[in-house]
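Grab a pencil and work through a few short exercises on the model below. Try each task yourself before you read its solution.

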Amino acid sequence: MKEKEIKEILLKKNNDFRKAVEIHRECEKKLDDLKKKSCLSTEEEIQEREIKKKKLSLKDKMYRMISEYKNSL
């Protein structure tokens with residue numbers, strides 16, 4: 001089964017996966033908003049780093065869930 005198919009299944013059936021995807025998208029939007037600024041304040045730079053860490057952590061979590069689903073087949 002392809003990763004895309006597994007993602008679709010998990011989005012429908014797994015609340016944790018769905019929530020991780022939603023938060024990941026929110027992080028992307030926040031990063032896009034920060035990128036639009038010509039210059040970031042120190043606070044915004046810290047915020048950007050924290051958002052990137054959170055986004056990466058969520059991505060890792062989603063891929064673990066996908067992997068676990070593949071292994072359960």
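What follows is a set of tasks, each with a worked solution.

A word on the ground rules: this is a predicted model, where local features need pLDDT of at least 70, side-chain atom pairs count only at pLDDT 80 or more, and totals for chains, interfaces and linings use all residues. Residues are numbered from 1 along each chain as its sequence is written, and side-chain values use heavy atoms, with hydrogens and water left out.

**Exercise 1. Helix lengths**

Check the end-to-end span of α3 and of α2 against what you'd expect at 1.5 Å a residue.

Solution. Start with the terms: helices (H or I, at least four residues) and strands (E, at least two) are DSSP runs, numbered from the N terminus. The expected span of a helix is 1.5 Å times one less than its number of residues. Next, take α3, which covers residues 42–72: its 31 residues should span 45 Å, and its end C-alpha atoms are 45 Å apart, so the two agree. Then do α2: with 21 residues, the distance from its first C-alpha to its last is 30 Å, close to the expected 30 Å.

**Exercise 2. Who is buried, and under what?**

List the buried residues of α2 and of α3, and find what covers them.

Solution. First, the cut-offs: buried means under 20% relative accessible area, exposed over 50%, and partly exposed in between (1.4 Å probe, protein chains only). Contact means heavy atoms within 4.5 Å. For α2, the buried set is F17, A20, V21, I23, H24, C27, L31 and L34, and their cover includes α1 and α3. For α3, you should get E44, E48, I51, L58, M62, M65 and I66, with α1 (3–13) and α2 (15–35) among what covers them.

**Exercise 3. Two crossings**

How are the axes of α1 and α3 arranged, and which residues make the contact? Do likewise for α1 and α2.

Solution. Axes are lines fitted to C-alpha atoms, for helices over the stretch in contact, and angles run from 0 to 180 degrees between N-to-C directions. As for labels, angles under 35 degrees count as roughly parallel, over 145 as roughly antiparallel, 65 to 115 as roughly perpendicular and the rest as oblique.

- Step one: the α1 and α3 axes come within 10 Å and cross at roughly 100 degrees, so α1 is roughly perpendicular to α3. On the α1 side you find E3, I6, K7, I9 and L10, and on the α3 side Y63, M65, I66, Y69 and K70. Sorted by class, that's 7 nonpolar, no polar and 3 charged residues. (Ala, Val, Leu, Ile, Met, Phe, Trp, Tyr, Cys and Pro count as nonpolar, Asp, Glu, Lys and Arg as charged, and the others, Gly among them, as polar.)
- Step two: α1 and α2 pack at about 105 degrees with axes 6 Å apart, which makes α1 roughly perpendicular to α2 as well. Here K7, L10, L11, K12 and K13 of α1 meet N15, F17, R18 and V21 of α2. The class tally is 4 nonpolar, 1 polar and 4 charged residues.

**Exercise 4. The core**

Which helix supplies the largest share of the largest nonpolar core?

Solution. A nonpolar core is a set of buried Ala, Val, Leu, Ile, Met, Phe, Trp, Tyr and Cys residues joined through side-chain atoms within 4.5 Å. The largest one has 15 residues, and those with the most contacts inside it are L10, F17, C27, I51, L58, M62 and I66. Each of α1, α2 and α3 supplies at least two of its residues. The winner is α2, with 7 residues.

**Exercise 5. Single residues**

Are H24, E48, K7 and K30 buried or partly exposed? Then look up their partners.

Solution. Skip neighbours up to four places away in sequence when you read the contacts.

- H24 sits in α2 and is buried, at 11% relative accessible area. Its contacts are K55, L58, K59 and M62.
- E48 belongs to α3 and counts as buried at 18%. It touches L31, L34 and L40.
- K7, in α1, is partly exposed at 32%. Its contacts are F17, Y63 and I66, and its C-alpha lies 8.8 Å from that of M62, 55 residues apart in sequence.
- K30, in α2, is partly exposed at 44%. I51 touches K30, along with C27, L31 and L34; the C-alpha atoms of K30 and I51 are 7.8 Å apart.
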